[in-house]
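Please look over the sequence and the 3D structure shown here before reading on. The notes after it are meant for a reader who is new to describing protein folds.

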Amino acid sequence: MNHDLLKTVIYDQHEIIKNFQIVEREYEFDINANYVVIGLRRAGKSTLLYKIVQELVKAGTDWNQIIYINFEDERLSEFTLNDFNDILSVQAEMSDKKGWFFLDEIQNIEGWEKFARRMADSKEHIFITGSNAKMLSAEIENRLGGRYLTKYVTPFNFREFLKAKNMDYSDKTILATKDSGKIKREMKTYFYFGGFPENIEYKDKREYVSSIYQKILLGDIAARNGLRNTNGLRLLMKKVAESVKDEVSYSKLHNTLKSIGVSISKDIVIDYVGYAQQSFLIFAIRNYFSKFVDKETTPKYYFNDNGLLNLFLNKEEPRLLENLAAINLWNKYKDNVYYLKGQNIDADFFVEETGEVIQVAYSVSNISSVRETRTLVEAARILKEAKRFIIITYEEENELTVDGVKIEVIPIWKWLIRN
């Protein structure tokens, strides 16, 4: 790889980082550790690295020690595994001090993990980002041999979203009538268009989210996995979106596609859903009561950002509300969050770690008789692990006791701020 070209890429990146305004995120890094930073495309992984670079320079590191390379730069389209040594050579040419290496979207380079392991063995400082869950596969983790810590990055949570809008969300603000009204107004934007950091600056937010979806679908899923039936993939993702809130099996998805004339096998449906999960487009939550096989084959699927899900829906706020709750729970608890279906219980979420049983209802009325309260009472009676019972609504708030069970009714904006 031409060294002058690499230096140009690095110097250009320096200028971007110098002028980049950083919104504080809820992530911490040990500067003495090496990291693999993963997550959905445009979720803010690069910005977290920018912040690390800015802090290093502020602490006295020279810019010529900073080797930041984004492998989605079209000038590096011919870059291969054999070219990684040129990065080391260029760093030595730029500075006689130890370098700091930031390698962005490295999954584009086949065999990257070999170089990453060698860098860690050489005691280099290295931070890596990627937009594919394969970077967490058992094979790659084995090759990296415990030399890296993993950080999973998501689009803005609601607190970060408010911070980016320079809005206070302290308890005092939440309780003040006018200030809480402003937060509710921002909730509406977040609810429909999600938390992609850059989208805050766009007027046509739906168009921005749509452009990200196309890059994920055609790039991160179709191109990376060599898929030719992109129409089948599009329709499958549409059907997954329409199934949010509901249990869905591979067979059901296959039969649904077949009924509208899409001829792809069940095995391909399984592969496509897996690719969508690997690209962080969707995630699965499983039934706490199910046997292992059923847990894996009949989950509920959710989208990793409400803006992405909203591309497929028309006035289906209950699905968006449950999806937003699922995002918050999944990002916090991962495989320790389930849904409950069985033993006369049909609850949207159960957090094993905290004992929370959660129902999601866009609006509630005649609260003592609705399905949500009945299933929470039943969960309190049957599930010994259950300790706290919540109904998440869009804007209604209450606290009640039904058959001796205390139930909190919390609006989504307040729940997101406090959880």
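What follows is a short briefing on the overall chain, on one of its sheets and on a helix that lies across that sheet.

The model is a predicted one, and its protein chain contains 17 helices and 13 strands. A compact globule of 419 residues would have a radius of gyration near 22 Å, and because the protein chain has 23 Å, its value agrees with that expectation.

**The chain as a whole**
- Along its principal axes, the C-alpha trace of the protein chain spans about 75 × 55 × 40 Å.
- Of the 419 residues, 54% count as buried, while the chain exposes about 19,300 Å², of which carbon and sulfur atoms supply 45%.
- Among contacts between residues at least 6 apart in sequence, 67% join residues that are at least 24 apart.

**The five-stranded sheet**
- Strands of a sheet pair through backbone hydrogen bonds, and this pairing may be either parallel or antiparallel.
- Here, an open sheet of 5 strands follows the order β2-β3-β4-β1-β5, and its pairing is parallel.
- At the edges of this sheet are β2 (66-70) and β5 (149-153), each of which pairs on one side only.
- Neighbouring strands of the sheet are turned against each other by 15° on average, with direction ignored.
- Strand β1, made of residues 35-39, pairs with β5 in the parallel sense over 5 bridges, and G39 has V153 in β5 as its bridge partner.

**A helix across the sheet**
- Helix α3 (residues 84-94) lies across β2 and β3 (100-104), and it runs at about 140° to β3.

Terms used: Residues are numbered from 1 along each chain as its sequence is written. This is a predicted model: local features need pLDDT of at least 70, side-chain atom pairs count only at pLDDT 80 or more; totals for chains, interfaces and linings use all residues. Side-chain values use heavy atoms; hydrogens and water are left out. Two strands pair if DSSP finds at least two bridges between them. Helices (H or I, at least four residues) and strands (E, at least two) are DSSP runs, numbered from the N terminus. Axes are lines fitted to C-alpha atoms, for helices over the stretch in contact, and angles run from 0 to 180 degrees between N-to-C directions. Contact means heavy atoms within 4.5 Å. The radius of gyration is taken over C-alpha atoms; the globule rule is 2.2 Å times the number of residues to the power 0.38. Buried means under 20% relative accessible area, exposed over 50%, partly exposed in between (1.4 Å probe, protein chains only). Accessible areas come from the Shrake-Rupley method with a 1.4 Å probe; for residues, only the protein chains shown count as cover.
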